[in-house]
Structure formats: structure tokens, C-alpha cells
Amino acid sequence: EKYLYLGGPLLAGVALVAVSGFAPLVLPATAARTLMWSERIWLYGGLAVFGGFTLYDTQKILHHARMAQRGLARKDVVNESISLELDFLNIFIRMVQILGMQQRRK
């Protein structure tokens with residue numbers, strides 16, 4: 001229960017990452033520096049946010065398991081495992097993109 005308070009700030013972080021992902025659709029192509037920063041926010045900010053979500057979801061799974069053990073809540077292992085899997089998938093996608101960008105620079 002130590003990290004369950006992170007839900008709100010992580011949701012705000014996801015919103016910021018999503019807005020930075022839509023920036024190329026709204027900004028003109030001449031704003032190259034702004035587009036570069038929005039891409040960095042999407043990649044590195046998303047990596048940090050989904051790393052935090054992994055921590056948060058793991059803590060939430062443990063909390064729900066304790067509550068289910070006491071009989072206060074039902075077990076919902078499918079939704080909890082999907083949540084954790086999506087965190088890992090988002091981290092993987094961003095890591096592949098970062099490594100691909102580094103390969104292009106060489």
C-alpha cells in the first residue's frame with residue numbers, strides 16, 4: 001500500500017504523454033524543435049510513466065490479493081494481469097524505439 005497514492009500523478013503523466021504524442025498532428029512541420037521535444041516527452045516521459053505504472057499496478061495487485069484473502073474483495077486476476085502486461089508492452093515499445101533511434105545516429 002506504499003505506492004497506491006501514485007495513481008493520480010501517473011494518470012496526469014499519461015495525459016501529458018498522450019498530448020505530446022498528438023503534437024505532430026497540430027503543430028506545423030516548421031516547428032522542428034518543438035516536434036523534437038514532443039517526441040522526447042513521448043518516449044522518455046512514457047518510459048518513466050509506465051515504469052511508475054508497473055510499480056503502482058504491482059502494489060495494487062498485492063493489495064487486492066490481501067483483500068481477497070480476507071474475503072473483502074473478489075479475485076480479478078485477468079484484469080490485473082492485463083494491466084501489468086500493458087505496462088510491460090508500453091515499456092518494450094519505447095525501449096525498441098529508443099534503441100532504433102540510437103542505431104540511426106551511428
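This briefing describes the fold, the surface and a few chosen residues of one protein chain.

The model is a predicted one, and its protein chain holds three helices and zero strands, which follow one another along the sequence in the pattern α-α-α. The radius of gyration of the protein chain is 17 Å, whereas a compact globule of 106 residues would have one near 13 Å. One salt bridge is counted in the chain, and two charged residues discussed below, Arg94 and Asp87, are buried without taking part in one.

**Overall shape and surface**

- Along its principal axes, the C-alpha trace of the protein chain extends over about 60 × 25 × 20 Å.
- Of the contacts in the protein chain with a separation of 6 or more, 76% are made by residues that stand 24 or more positions apart.
- Buried residues make up 25% of the 106 residues of the protein chain, and the area that the chain exposes comes to about 7,600 Å², of which carbon and sulfur atoms supply 67%.
- The protein chain carries 12 positive and 7 negative charges, and the mean positions of these two sets lie 9 Å apart.

**The salt bridge in helix 2**

- Side chains of opposite charge can pair when their charged atoms come close.
- In this model the side chains of Lys60 and Asp57 form a salt bridge, with a distance of 4.0 Å from N to O.
- Both Lys60 and Asp57 belong to helix 2, which covers residues 32-70, and the three residues that separate them in sequence correspond to about one turn of the helix.
- The two partners differ in their exposure, because Lys60 counts as partly exposed at 25% relative accessibility, while Asp57 is buried with a relative accessible area of 4%.

**Buried charges in helix 3**

- Arg94 is located in helix 3, which covers residues 77-105, and Asp87 has its place in helix 3 as well.
- Although Arg94 is buried, it has no salt bridge, and the nearest side chain of opposite charge, that of Asp87, is 9.5 Å away.
- When residues up to four places away in sequence are not counted, Arg94 touches Val17, Trp42, Leu43, Gly46, Leu47 and Phe50.
- Asp87 is likewise buried and without a salt bridge, and for Asp87 the nearest side chain of opposite charge is that of Lys60, at 8.1 Å.
- With neighbours within four places in sequence left aside, Asp87 is in contact with Phe50, Phe53, Thr54 and Asp57, and Asp57 is also the residue whose side chain meets Lys60 in the salt bridge.

**Ile61 and Gly21**

- Ile61 lies in helix 2 and is partly exposed, with a relative accessible area of 22%.
- Apart from neighbours within four places in sequence, Ile61 is in contact with Glu80 and Leu84.
- Between Ile61 and Asp76 there is a separation of 15 residues in sequence, and the distance in space is 9.1 Å from C-alpha to C-alpha.
- Gly21 is part of helix 1, which covers residues 7-26, and at 34% relative accessibility Gly21 counts as partly exposed.
- Gly21 and Leu84 stand 63 residues apart in sequence, and their C-alpha atoms are 22 Å apart in space.

Conventions:
Residues numbered from 1 in each chain as written. Predicted model: local features only at pLDDT ≥ 70, side-chain atom pairs only at ≥ 80, totals over all residues. Heavy atoms only, no water. Helix = DSSP H or I, 4+ residues; strand = E, 2+ residues; numbered from the N terminus. Rg over C-alpha atoms; globule rule 2.2 N^0.38 Å. Buried < 20%, exposed > 50% of the residue type's maximum accessible area, 1.4 Å probe, protein only. Contact = heavy atoms within 4.5 Å. Areas by Shrake-Rupley, 256 points an atom, 1.4 Å probe, with all protein chains shown as cover. Lys, Arg positive; Asp, Glu negative; His and termini not counted. Charge placed at Lys NZ, Arg CZ, Asp CG, Glu CD.
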